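Trainee: I am new to this structure and would like to be guided through it. May we proceed by question and answer?

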Amino acid sequence: QYFYSRKCKCKDKFWSCELISIKIGGEEIYSQTILQEFAIFSISDEYIIAPKKQGEDTLDYYKTKIKELFGIECHKSFGEDNYSVFICNYFNYEDLPDLSFVMKGGIQIMALSIDLFKIIKDYKLELKIRYFNAPKDHHWYLGEPVVKNYNLLLDYSSGNANLVIIPTSLNGFILIL
């Protein structure tokens with residue numbers, strides 16, 4: 001039962017789960033609409049890549065929360081690759097709420113607040129969530145801030161792609177026979 005409840009049947013052979021909602025610190029900031037949306041696990045991305053609208057909403061939520069908790073003004077700008085980036089002066093980002101993704105079947109995975117920022121030049125912080133400035137697609141690409149906290153068992157058998165998600169534990173291991 002443990003494995004079944006954390007298993008996604010992947011669509012179109014992506015290593016993905018159907019996304020139902022997004023929460024920040026337990027507060028739902030986004031719920032799936034009519035479109036079927038997926039969270040695609042991407043071990044090659046340093047960032048979480050969001051769809052444009054949901055990316056804007058997520059960055060706006062964090063901007064408001066950072067201003068409220070720390071009195072720090074953050075700003076969005078365009079990166080050289082046409083992605084929106086989010087830059088702040090340094091603050092104690094460990095005190096921010098975590099970002100959670102709720103998948104079909106009740107699977108909930110998260111990016112911890114300490115994993116959502118990186119220090120860049122001039123002692124500034126960059127949020128590790130980006131979105132492409134033109135509507136490209138409506139899927140989330142979950143990169144390093146999420147995948148580093150989970151063991152992903154990728155199974156492609158009988159023509160079906162399945163993904164089993166297990167939280168990483170420093171005190172345990174997984175044996176696959």
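Mentor: The discussion below concerns a predicted model.

Trainee: How many residues of strand β8 are buried?

Mentor: Strand β8 covers residues 99-103. On one side lie L99, F101 and M103, on the other S100 and V102, and all are buried. Both faces of the strand are therefore covered, and β8 is largely enclosed by the rest of the structure. The number of buried residues is five of the five.

Trainee: Which residue in β8 is the bridge partner of L19?

Mentor: Strand β2, residues 16-24, pairs with β8 in the antiparallel sense. Five bridges make up this pairing. Within β8, the partner of L19 is M103.

Trainee: Which residue in β9 stands opposite S100?

Mentor: Strand β9 spans residues 108-111 and pairs with β8 over four bridges, in the antiparallel sense. The two strands form a hairpin with four residues between them, and G105 in that turn has a positive phi of about 95°. Opposite S100, in β9, stands M110.

Trainee: How many residues does the largest nonpolar core have?

Mentor: Among the residues with the most contacts inside this core are L99 and F101, which are also buried residues of β8. Leaving aside neighbours within four places in sequence, L99 is in contact with several residues, including I48, Y62 and I109. Those three are likewise listed among the residues with the most contacts inside the core. The size of the core is 38 residues.

Trainee: Which residue is joined to C74 by a disulfide?

Mentor: The structure holds one disulfide, with an S to S distance of 2.0 Å. The pair links distant parts of the chain, 14 residues apart: one cysteine is in strand β6 (residues 74-78) and the other in strand β7 (residues 83-89). Both cysteines are buried, and the link is right-handed, with 110° about the S-S bond. The partner of C74 is C88.

Trainee: Is D122 buried or exposed?

Mentor: D122 lies in the loop between β10 (117-120) and β11 (124-127). Although D122 is not a glycine, its phi is positive, about 60°. The relative accessible area of D122 is 65%, and the cut-off is over 50%, so this residue is exposed.

Trainee: What is the relative accessible area of Y123?

Mentor: Y123 also lies in the loop between β10 and β11. Like D122, Y123 is not a glycine yet has a positive phi, here of about 55°. Y123 is exposed, and its relative accessible area is 53%.

Technical notes: Residues numbered from 1 in each chain as written. Predicted model: local features only at pLDDT ≥ 70, side-chain atom pairs only at ≥ 80, totals over all residues. Heavy atoms only, no water. Core = buried A, V, L, I, M, F, W, Y, C linked by side-chain atoms within 4.5 Å. Buried < 20%, exposed > 50% of the residue type's maximum accessible area, 1.4 Å probe, protein only. Contact = heavy atoms within 4.5 Å. Disulfide = S-S within 2.5 Å. Pairing = 2+ DSSP bridges.
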